[in-house]
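Reader: I'm new to this structure and would love a close look at one part of it. Could you pick a single spot, walk me through it, and then show me how its surroundings connect to the rest?

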Amino acid sequence: MKLFDSHFHIIDFDYPVKENNGYIPPSFKVNDYLNHTKQLNVVGGAIVSGSFQGFDQDYLITALDQLQGQFVGITQLPASTSDDEILRLNDKGVRGIRFNVKRGGSEGIALIKTFAQRVHDLVDWHTEIYIESKQLKDYQEIISSLPQVSIDHLGLTVEGFEDLKTLVKQGVYVKATGFGRIEIDPIKAIEELIEINPEAIMFGTDLPSTRAKRPFNEQDIKLIEGHFDEETQEKIFYKNALKFYRI
């Protein structure tokens with residue numbers, strides 16, 4: 001089965017990496033990612049900027065240059081970023097902007113609506129949000145108004161999962177990622193979400209699984225293979241993400 005890895009990090013200390021809430025991530029360069037996934041049929045993926053990388057773009061552009069295949073970047077930017085810089089990043093393969101509500105390190109969510117609309121109008125980027133489902137009620141109206149958006153890690157929490165389901169009904173995508181960091185049963189969550197929209201779920205490794213209780217392993221893939229038919233697997237593992245990332 002092909003895999004579009006919808007969520008992973010590259011951490012290269014040749015570029016700025018800063019402490020976040022007392023945490024410094026491990027080094028995880030492009031070669032480390034390739035070694036960890038060499039047994040998987042990865043055809044592409046989304047490199048996601050973490051809280052510990054702030055607004056640095058150089059590491060991301062370098063990683064995109066090094067990876068062969070259908071890889072895109074998801075970055076963090078301040079709302080003051082110029083149109084010229086956004087266009088430059090788009091030319092380099094960046095395809096989305098991230099707001100990290102849980103960990104910080106990104107632009108504040110108060111500016112999400114205007115900034116998300118601006119980058120969508122300019123370069124057709126979507127928005128990715130790292131947020132716990134239990135926080136969604138406070139932001140549901142804003143998130144549902146965004147032109148195109150995904151939520152990380154199945155929303156993380158049991159509390160608020162019904163709010164996540166409501167957003168999926170409204171067209172929001174959800175990443176089936178970080179099984180070792182979530183408190184919700186991933187299979188049950190995926191089943192309930194694909195019942196609403198079978199095109200809304202995108203699998204990712206979440207490598208190198210920073211701060212997760214358990215890092216990604218191939219059993220996460222086998223878990224999905226053991227519970228869903230081949231057509232659904234194809235959507236979860238690559239077809240939905242290829243559509244979302246316009247590849």
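Author: Let's begin with H126, which is buried in this predicted model, because its relative accessible area is 0%, and under 20% counts as buried. H126 lies in strand β5, a strand that covers residues 126–130. Leaving aside residues up to four places away in sequence, H126 touches I74, R95, G96, I97, Q148, F244 and Y245. Within its own strand, H126 has a polar partner too: the side chains of H126 and E128 are joined by a polar contact of 2.9 Å.

Two of the names just mentioned are good places to go next. Let's take I74 and then E128.

I74 belongs to strand β3, which spans residues 70–75. I74 is buried as well, because its relative accessibility is 0%. Its list of contacts, again without residues up to four places away in sequence, includes both H126 and E128. On that list you will also find R95, G96, I97 and Y245, and those four appear among the contacts of H126 too. The other residues that I74 touches are A46, I47, V48, S49, L60 and R98. If you would like a sense of distance, try finding D138: its C-alpha atom is 24 Å from that of I74, and the two residues are 64 apart along the chain.

Now for E128. Besides its polar contact with H126, E128 forms a salt bridge with K175, and the closest N and O atoms of that pair are 2.5 Å apart. K175 sits in strand β7 (residues 173–176) while E128 sits in β5, so the salt bridge ties together parts that are 47 residues apart in sequence. Are these two charged partners buried or exposed? K175 is buried, because its relative accessible area is 0%. E128 is buried for the matching reason, with a relative accessible area of 0%.

That pair is part of a bigger tally, since the structure holds 16 salt bridges. Another one brings R118 and D83 together, with 2.8 Å between the closest N and O atoms. Here, too, distant parts of the chain are linked: R118 is in helix α4 (residues 112–123) and D83 is in helix α3 (residues 83–91), 35 residues apart. Both partners have some access to the outside. R118 counts as partly exposed because its relative accessibility is 25%, and D83 counts as partly exposed because its value is 36%.

The two helices that carry this pair also pack against each other. The axes of α3 and α4 are 10 Å apart and meet at an angle of about 60°, which makes α3 oblique to α4. The crossing of α3 past α4 is right-handed. From α3, the contact is made by D83, I86, L87 and N90, and from α4 by F115, R118, V119, L122 and V123. Notice that D83 and R118, the salt-bridge partners, are both among these contact residues.

A third salt bridge stays within one helix. E162 pairs with K165, the closest N and O atoms being 3.3 Å apart. Both residues lie in helix α6 (residues 161–169), three residues apart, which is about one turn of the helix. K165 is buried, because its relative accessible area is 15%. Through salt bridges with shared partners, E162, K165, K188 and E192 join into one network.

Finally, a few spots of backbone are worth a visit. Most residues other than glycine have a negative phi, and most peptide bonds are trans. With that in mind, look at L207 and P208, which are joined by a cis peptide bond with omega of about 0°. P208 lies in the loop between β8 (201–203) and α8 (219–225). D206 is found in the loop between β8 and α8 as well, and its phi is near 65°, a positive value in a residue other than glycine. D206 counts as buried because its relative accessibility is 1%.

R246 also has a positive phi, about 55°, although it is not a glycine. You can find R246 in the segment after α9 (230–244). R246 is partly exposed, because its relative accessible area is 34%.

Notes. Residues are numbered from 1 along each chain as its sequence is written. This is a predicted model: local features need pLDDT of at least 70, side-chain atom pairs count only at pLDDT 80 or more; totals for chains, interfaces and linings use all residues. Side-chain values use heavy atoms; hydrogens and water are left out. A salt bridge is a side-chain nitrogen of Lys or Arg within 4 Å of a carboxyl oxygen of Asp or Glu. Helices (H or I, at least four residues) and strands (E, at least two) are DSSP runs, numbered from the N terminus. Buried means under 20% relative accessible area, exposed over 50%, partly exposed in between (1.4 Å probe, protein chains only). A polar contact is a pair of N or O atoms within 3.5 Å; within protein, one must be able to donate a hydrogen and the other to accept it, and residues adjacent in sequence count only if both atoms are side-chain atoms. Contact means heavy atoms within 4.5 Å. Axes are lines fitted to C-alpha atoms, for helices over the stretch in contact, and angles run from 0 to 180 degrees between N-to-C directions. Angles under 35 degrees count as roughly parallel, over 145 as roughly antiparallel, 65 to 115 as roughly perpendicular and the rest as oblique. A crossing is left-handed if the near helix is turned anticlockwise from the far one by less than a right angle, and right-handed if clockwise.
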